[in-house]
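The exercises below are meant to be worked with the sequence and the model open side by side. Try each task before reading its solution.

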Amino acid sequence: ELRFAAVSRPEAMGSGLELAEFHSLPLPEGVFGVGPLGVPAGDAESFADSVRTIVARASRPVREASVVLPDAWVRSMVIELGDLPAEPQARLEVLRFRIKRMVPYRVEDLRIQAVPIGPPGSPGPLGSPGGPGPGEAAQCLITLANAAVCTMIEDGFSRRGIRIGQLSGATLATLQAVNRGALAAGLFGLALVDADGFSLVLVRAVVPVVWRQKGFSEGLSDADRARLLTSELRLTRTFLSERFAGEVLSALYLAAPRAVEPFWLQVLGQGLDCQPTRLALEHLSLTGEGFGEAFAELAPLAGAAAREVA
């Protein structure tokens, strides 16, 4: 499905966002593949036609846009890097070398971005730009996606006269929509669940410190899945207690389909020893106008639109 959202920022609301309009369109069979990271890239012409159809429904001409990809098509991780070369190709080669043994993909097929986020506690990509101080190792948020899929998407919009300012995964985009106060208050967590898997990001003082993504294994019973997930989350909890001794999660929000919400609330609570909360409108920098029950699905789109891209 292709979704289009336009948001506005009324002057009376300050930094809050209001949904101006929303449209959705089922994508034809075969537009995208079903392999890892959305490959193989599918029918570029059909995708461009779908873009034309959905933007034609907008009340105003669309010249610039941000695109949110499913988390299954985007992978993020927090790793420690030294200084990266300034020259783009040399920088890319260093990144490929560092992540080659960390991901099950051909690194030559990936589009890779590294955003310095500095040591824990310093400003990062979710707040103002920041990085490590002199002599400090650089913590980086690494994001990767399949280059062929990204190019197909960008070309599909470009052929309709639309410039793409950013491509983002759903979890990172949703974080952009979370109230700034929550992100800055100690350890904060966000878990997103969809049909393909789940993502968990833990943020401390606006800086991501843990990023976990996992696809679902076929054929597992709920009991077996709960046991495996709880065990993995307990390892994450141990990591947090060792790295941030004495600190506890101040909040953990869950965005999941209603049918599986009880399962995930229980698993997250047991695994991370906290009381997770269903993501609600009051947790986001959005108003109640126009969002209704679909606000969790629209949060990634609103968050992407809230970020200014040069």
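Two strands count as paired if DSSP finds at least two bridges between them. The model is predicted.

**Exercise 1. Pairing in a sheet**

Task: find which residue of S10 is the bridge partner of Gly197, then place S10 in its sheet.

Solution.
- Step 1. Strand S9 covers residues 197-204 and is joined to S10 by eight bridges, with the two strands running antiparallel.
- Step 2. Within S10, Gly215 is the bridge partner of Gly197.
- Step 3. The open sheet has five strands in the order S10-S9-S8-S11-S12, and its pairing is mixed.
- Step 4. The edges are held by S10 (207-215) and S12 (277-278); each has a single partner strand, so one side of each lacks a neighbour in the sheet.

**Exercise 2. The faces of helix H6**

Task: check the span of H6 (residues 222-243), then decide where its buried residues fall around the axis.

Solution.
- Step 1. The 22 residues of H6, at 1.5 Å a residue, should span 32 Å; the end C-alpha atoms lie 31 Å apart, which agrees.
- Step 2. Buried means under 20% relative accessible area. In H6 this holds for Arg225, Ala226, Leu229, Thr230, Leu233, Thr236 and Leu240.
- Step 3. Down the axis of H6, the buried residues fall within an arc of 125°, so they line one face of the helix.
- Step 4. An α-helix has 3.6 residues a turn, so residues three or four places apart point the same way.
- Step 5. Ala223, Arg227, Leu235 and Glu242 are exposed on the other side of H6.
- Step 6. The packing partners of the buried residues of H6 are strand S8 (187-193), S9, S10 and helix H7 (261-272).

**Exercise 3. Helix H1**

Task: repeat the analysis for H1 (residues 44-55), and state what Asp43 does at its start.

Solution.
- Step 1. Twelve residues at 1.5 Å each give an expected span of 16 Å for H1; its end C-alpha atoms are 17 Å apart, which agrees.
- Step 2. The buried residues of H1 are Phe47, Ala48, Ser50, Val51, Ile54 and Val55.
- Step 3. Viewed down the axis of H1, these residues fall within an arc of 155°, so they line one face of the helix.
- Step 4. The buried residues of H1 pack against strand S1 (2-8), strand S2 (18-25) and helix H3 (147-158).
- Step 5. At the start of H1, a side-chain oxygen of Asp43 comes to within 3.2 Å of the backbone nitrogen of Glu45.

How values were computed
Residues numbered from 1 in each chain as written. Predicted model: local features only at pLDDT ≥ 70, side-chain atom pairs only at ≥ 80, totals over all residues. Heavy atoms only, no water. Helix = DSSP H or I, 4+ residues; strand = E, 2+ residues; numbered from the N terminus. Expected span 1.5 Å × (residues − 1). Buried < 20%, exposed > 50% of the residue type's maximum accessible area, 1.4 Å probe, protein only. Arc of directions from axis to C-beta. Contact = heavy atoms within 4.5 Å. Polar contact = N/O pair within 3.5 Å; in protein donor to acceptor, adjacent residues only side chain to side chain.
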